[in-house]
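Colleague: Hi! I'm new to reading protein models, and I'd love to go through this one with you. Could you put it on the screen so we can talk it over?

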Amino acid sequence: MKLFNTLTSKKQVFKPLRSGKVSLYACGPTVYQSPHIGNMRSYLFEDILRRVLEYNGYTVKHIINVTDVGHLTGDGDIGADKVEESAKSKGVKASDVTKKYFDEFKTDMKALNILMPSKFAWATKYIPEQKKLVERIFSKKYAYETEDGIYFDTQKFGKYGKLGGLNKRDPEEMQSRTGVDPDKKHPFDFALWKFSIGPRLQEWKSPVDHKKMGFPGWHLECSAISTEELGQPFDIHAGGIDHVTTHHNNEIAQSEAAYGKPLANYWIHGEHLLMKDTKMSKSLGNVALLADLTAQGFEPLAFRYLVLTSQYRNRLNFTEDGLEAAQTALNKLRAVMAPRLKGGKVIEKYQKKFKTAVSDDLNTAEGLAVVWEMVKSKADVADVQATLLDMDQVLGLGLDKWKPAKVDKTVLELAEKREQARANKEWAESDRIRDEINKKGYDISDTPNGYQLFKRQ
């Protein structure tokens, strides 16, 4: 199995620390508002990573953090706490906000058939571990105190910025991005802990200076949680490509400064989902929620299929036409599975080609090409079904649980008329009837076993 490691900027053969076992940490949601489908693409890529690891026989311990404090509205260490702002605007407790949006996140995960992690690790549950980490870094003289917090001194950490080539950036460019703080020694320096200024909904006694109240910097939680749950080093740290420049470099710096050894051996990053060729983000306002797609009659698993059509390191442009094609393709695969036949055997030729594709840096696009090569072949239908179910351990399209829905009598009558038109080679009439079936909220797919009807949500 090979993975592209951002740390080395090349594809490498994956070798875990312990034979047969993999420790995987993934940056989780900041639970202050509803997750959009751009967010969910990241969790889908991490789900595929886990599934491919398990398909290759590994046992995976998978940790996802939940940020419920410390993530500020500014790119650097400026602005308000996102959770605090959301709670104050609604006049509720911080815990009310985080529970609401975490529940939404889990609902979307289940709808997309994303495997639940071994543990969701909430930042506020690891405050003692985060304090201990700050104190350790401070004692090793990699940190200093200012009026508003405790900062990591990046100039004392010679390897700062090694992930993604940050160390080659112009400091003036970075200073304009992170904001100017007169107390910071260098624009790359980042907050390990922020002191409270005015009343806060969530605050604790600060490390080092226990007389002050405060809260952890956003980057701190991932280092403290991953080391506590997985040890240091662990195998794989995954996340979105936007985390490379700042968040993940800061994790590496504070963890390696504290313990003198790598945080993780492999750093795997997924690319953006685009909307009209622009990165989908809440700040730009060009977002779509999973609920928006279902309201238009698409299934969440159609979005999952769409994501599978692109390798995770490639940008994916979201369009309604693309989602429509994904829904159609998903329905065609379901049609192959009905009726379910017994006695089928996995076709080793296609299984091997599929495993080779997805094990080569999670190339799901090539994996799907193998799927359709097999479906269009003259292989026994029962064997094709058995092989599809095997491949679906990675694809996660829920083919093992899918059952045809009950179909309205009028739609069945239209489907039979269409079959007669096709038999008479009346293709225009066949297309007209298909369009009428679509208008009634159904899709129809033709298979070697006859047609299949699918009711949209």
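Colleague: Where does Asn 113 lie?

Modeller: Keep in mind that this is a predicted model. Look between helix α3, residues 94-111, and strand β5, residues 119-122. Asn 113 is found in the loop between α3 and β5.

Colleague: Is Asn 113 buried, partly exposed or exposed?

Modeller: Buried means under 20% relative accessible area, and exposed means over 50%. Asn 113 has 25% relative accessibility, so the residue counts as partly exposed.

Colleague: What is special about phi of Asn 113, and what is its value?

Modeller: The residue is not a glycine, yet its phi is positive. For Asn 113 the angle is near 60°.

Colleague: Lys 141 also caught my eye. Is Lys 141 buried or exposed, and what is its phi?

Modeller: You can find Lys 141 in the loop between α4 and β6 (143-145). Its relative accessible area is 60%, and the cut-off for exposed is over 50%, so Lys 141 is exposed. Its phi is positive in a residue other than glycine, with a value near 65°.

Colleague: Which residues gather with Lys 132 in a patch of positive charge?

Modeller: Start with Lys 132 itself, which is found in helix α4, residues 127-139. Its relative accessible area is 56%, so Lys 132 is exposed. The patch lies on the surface, and the residues that join Lys 132 there are Arg 136, Lys 140 and Lys 261.

Colleague: Which residues of helix α11 are buried, and why do they sit on the same side?

Modeller: Helix α11 covers residues 348-358, and its buried residues are Tyr 350, Phe 354, Ala 357 and Val 358. They lie on the same side of α11 because their arc around the axis is only 85°. An α-helix has 3.6 residues a turn, so residues three or four places apart point the same way. The exposed residues on the other side of α11 are Glu 348, Lys 349, Lys 352 and Thr 356, while the arc of the buried ones is only 85°.

Colleague: Which residue does a cis peptide bond join to Pro 233?

Modeller: Pro 233 is in the loop between α6 (218-230) and β11 (234-240). The bond has an omega of about 0°, and the residue on its other end is Gln 232.

Colleague: And what is omega for the peptide bond from Ala 338 to Pro 339?

Modeller: Here Pro 339 lies in the loop between α10 (320-336) and α11. The bond from Ala 338 is cis, with omega near 0°.

Conventions
Residues are numbered from 1 along each chain as its sequence is written. This is a predicted model: local features need pLDDT of at least 70, side-chain atom pairs count only at pLDDT 80 or more; totals for chains, interfaces and linings use all residues. Side-chain values use heavy atoms; hydrogens and water are left out. Patches are made of residues with over 30% relative accessible area and no salt bridge: like charges are joined within 9 Å, nonpolar side chains (Val, Leu, Ile, Met, Phe, Trp, Tyr) within 5 Å. Accessible areas come from the Shrake-Rupley method with a 1.4 Å probe; for residues, only the protein chains shown count as cover. A salt bridge is a side-chain nitrogen of Lys or Arg within 4 Å of a carboxyl oxygen of Asp or Glu. Lys and Arg count as positive and Asp and Glu as negative; His and the chain ends are not counted. The place of a charge is taken as NZ of Lys, CZ of Arg, CG of Asp or CD of Glu. Helices (H or I, at least four residues) and strands (E, at least two) are DSSP runs, numbered from the N terminus. Buried means under 20% relative accessible area, exposed over 50%, partly exposed in between (1.4 Å probe, protein chains only). The arc is that of the directions from the helix axis to the C-beta atoms.
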